[in-house]
Amino acid sequence: MIPARILIGHDGSKDADDAFETALELAALCRARLQVVSVATPPEPPTRVETEATLEAATQHYEEIFEGLKARAKERDVNLESRVLVGHAAEQILRLAADTGADLIVVGHRGRSAIQEWLFGSTSRRVVSYAPCSVLVVRRK
Amino acid sequence: MTEVWALAALWLGLALVATLLSIWLGVATALSEIVVGTVAQLLIGAFVGSALLGTDEPWIRFLSGTGAIILTFLAGAELDPGVFRAKWKETTGIGLVAFFTPFVGCAAFAYYGLGWSPRASWLAGVALSTTSVAVVYAVMLELGLNSTAFGKAVLAACFVNDLGTVIALGLIFAPFTLKTVLFVGTSIVVLTALPWVTPRFFRRYGGRPSELEAKFLLLALFGMGALAAWADSEAVLPAYLIGMVLAGTVGKDHALVRRLRTVTFGLLTPFYFIRAGSFVSVPALIAAPASVLGLLIAKLVTKTLGVWPATRVFRYPRQEAAYTTLLMSTGLTFGSISALFGLTHDIIDQAQYSYLIAAVIGSAVVPTLVANAFFLPRYLLPKPVRASEAAPSSAAVEEAAR
């Protein structure tokens with residue numbers, strides 16, 4: 001099946017960047033719509049004032065990353081939509097995929113922090129387990 | 001001054017370590033600072049001497065107290081007045097019940113179950129009566145419930161709950177004297193005048209690099225804090241109330257709030273939370289873990305007994321009621337502020353303080369996990385519309401009709 005709508009999760013890491021490059025090539029080849037989503041995660045447990053500050057800073061950080069991603073997408077003539085969601089990464093990616101009817105989810109193999117992965121579980125693994133569509137996990141080159 | 005700079009460097013070094021830990025582990029900075037304070041005091045006390053950390057130095061107490069005051073002000077300023085007005089009856093009802101039931105219940109457990117003194121028991125009730133607005137807010141954002149009537153009502157109820165906590169903290173332990181009357185009277189005048197004066201004053205003289213807005217707010221906070229302390233009350237009480245009355249004006253000025261946050265998180269709150277952590281006695285926790293567990297269970301049970309029936313009175317469906325109840329059993333910031341108040345005013349001893357802090361931290365984590373795992377009101381979540389379920393096109397309808 002040729003995907004018509006590809007969703008890529010991006011957390012600002014090098015792995016996510018490699019995954020984006022792969023998603024971009026696929027989208028260009030298949031003439032698919034590409035959507036990039038970043039998830040701002042509140043601190044655990046969320047605390048007064050810091051939660052709002054963290055989410056604001058994360059949103060601003062991801063918006064800046066999206067500018068670069070949009071420029072790269074434009075070079076390949078790919079239509080790129082972007083969104084910043086709030087919550088836990090895997091859950092938000094899965095919900096957005098179901099909401100938008102994505103045919104393919106692309107994620108990096110490993111995110112920003114190996115310690116967080118060990119503590120809270122791997123995002124890519126959870127996406128693979130519960131995705132409503134096919135998932136492509138991209139390993140770092 | 002050499003000792004002062006060296007001590008300041010030590011504290012900021014600990015703050016930096018705590019921040020790195022919070023980044024690596026994805027945990028709240030407040031939590032990592034409390035833990036770093038605990039460990040630092042343990043290690044420094046064991047190898048060098050407990051006095052090295054200088055927790056009772058006047059300037060450290062000032063920075064720590066200022067951190068608590070501004071943090072509390074910013075917390076109050078997060079209130080959305082529109083949300084509160086929309087459902088004030090059920091938010092007030094649920095919020096007050098969410099405060100009183102654990103306040104009385106946990107105080108009773110501390111008195112009868114753990115044998116604490118009456119004043120220490122009331123302090124335990126105050127510390128464990130809190131609800132974390134941040135936890136509720138974060139969960140609501142994640143699930144998109146913050147835009148539903150249910151989410152707005154729960155958020156507003158949390159503010160009412162914490163208002164009860166702050167008022168109880170500020171008034172219960174203060175002897176009722178003429179000073180109290182003067183403090184309350186002046187507070188009423190100031191809280192009435194501030195929402196009118198502040199925006200006009202800022203419009204006239206604000207918006208300059210000299211940061212007039214920050215100086216004005218600090219004047220109000222320190223002035224009312226001094227009055228509160230003079231009346232043997234607690235400075236965070238007027239800070240929270242000032243934040244709430246200015247939530248519709250100052251609270252909406254994101255640039256000003258951001259600048260205050262920078263000072264608060266960059267310099268002040270590390271002193272507060274590291275100092276709070278430094279008073280935790282690990283040997284006391286190891287010696288009596290059942291006390292911590294008992295206090296945590298007391299909070300969860302009393303919140304459930306209070307909030308669940310209140311939500312049913314307001315006709316919440318079962319799953320929503322259970323979810324609301326568990327979310328409102330959380331609380332970290334105000335719980336730790338209350339516990340430290342008790343310790344510094346000799347209402348509780350170090351062991352009791354340690355149990356309360358551990359129970360407060362537990363209450364920030366456990367209920368959220370349980371709530372999301374078992375009681376999430378999924379039917380409130382936006383349902384994905386798949387292509388196969390989409391409404392048929394008009395052409396298809398016409399075809400079927402032929």
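**Exercise 1.** Which residue just after α2(A) takes a positive phi? Describe its surroundings.

*Solution.* This is a predicted model, in which local features need pLDDT of at least 70, side-chain atom pairs count only at pLDDT 80 or more, and totals for chains, interfaces and linings use all residues. Residues are numbered from 1 along each chain as its sequence is written, while chains are lettered from A and ligands numbered from 1 in the order in which they are written.

Step 1. The residue is Asp77(A), with a phi of about 65°. The value is positive although Asp77(A) is a residue other than glycine.

Step 2. Asp77(A) sits in the loop between α2 and β3 of chain A. Helices (H or I, at least four residues) and strands (E, at least two) are DSSP runs, numbered from the N terminus.

Step 3. Asp77(A) counts as exposed because it has 9 C-beta neighbours inside 10 Å. A residue is buried if 20 or more other C-beta atoms lie within 10 Å of its own, exposed if 12 or fewer, and partly exposed in between, with C-beta atoms placed from the backbone.

**Exercise 2.** Which residue in the loop between α16 and α17 of chain B has a positive phi?

*Solution.* Step 1. The residue is Asp346(B), whose phi is about 55° although it is not a glycine. The loop that holds Asp346(B) runs between α16 (333–344) and α17 of chain B.

Step 2. Asp346(B) counts as exposed, since 9 C-beta neighbours lie inside 10 Å.

**Exercise 3.** Compare the expected and actual span of α2(A), and find what its buried residues pack against.

*Solution.* Step 1. Helix α2 of chain A covers residues 50–75, 26 residues in number, and at 1.5 Å a residue should span 38 Å. The expected span is 1.5 Å times one less than the number of residues.

Step 2. The end C-alpha atoms of α2(A) are 38 Å apart, so the two values agree.

Step 3. Buried residues of α2(A) include Leu55(A), Tyr62(A), Leu69(A) and Ala73(A). The buried residues of this helix pack against α1, β2 and β3 of chain A, and also against α2 (29–47) and α7 (133–143) of chain B.

**Exercise 4.** Give the strand order of the open sheet in chain A and place β1(A) in it.

*Solution.* Step 1. The five strands have the order β3-β2-β1-β4-β5, with parallel pairing. Two strands pair if DSSP finds at least two bridges between them.

Step 2. The edges are β3 (80–86) and β5 (134–138), each with a single partner strand, so one side of each has no neighbour in the sheet. From one strand to the next, the twist averages 25°.

Step 3. β1(A) (residues 5–9) pairs with β4(A) (residues 104–108) in the parallel sense over three bridges, and Ile6(A) stands opposite Leu104(A). Helix α1 (residues 14–30) of chain A packs on the sheet, touching β1, β2 (33–40), β4 and β5, and its direction makes about 150° with that of β4(A).

Step 4. β1(A) also runs parallel to β2(A), joined by five bridges; here Ile8(A) stands opposite Val36(A). Four of the five residues of β1(A) are buried.

**Exercise 5.** How many residues does each chain bring to the contact?

*Solution.* Step 1. Chain B brings 31 residues and chain A brings 24. Two residues are in contact if their C-beta atoms, placed from the backbone, lie within 7 Å.

Step 2. On the chain B side, α7(B) gives the most, with seven residues.

Step 3. The residues on that side of chain B divide into 21 nonpolar, six polar and four charged. Ala, Val, Leu, Ile, Met, Phe, Trp, Tyr, Cys and Pro count as nonpolar, Asp, Glu, Lys and Arg as charged, and the others, Gly among them, as polar.

**Exercise 6.** At what angle do the axes of α7(B) and α8(B) cross?

*Solution.* Step 1. The axes of α7(B) and α8(B) (residues 149–171) cross at roughly 170° and come within 9 Å. Axes are lines fitted to C-alpha atoms, for helices over the stretch in contact, and angles run from 0 to 180 degrees between N-to-C directions.

Step 2. α7(B) is therefore roughly antiparallel to α8(B), a term for angles over 145 degrees.

Step 3. Among the residues making this contact are Val133(B) and Tyr137(B) of α7(B) and Leu155(B) and Phe159(B) of α8(B).

Technical notes:
Parallel < 35°, antiparallel > 145°, perpendicular 65-115°, else oblique.
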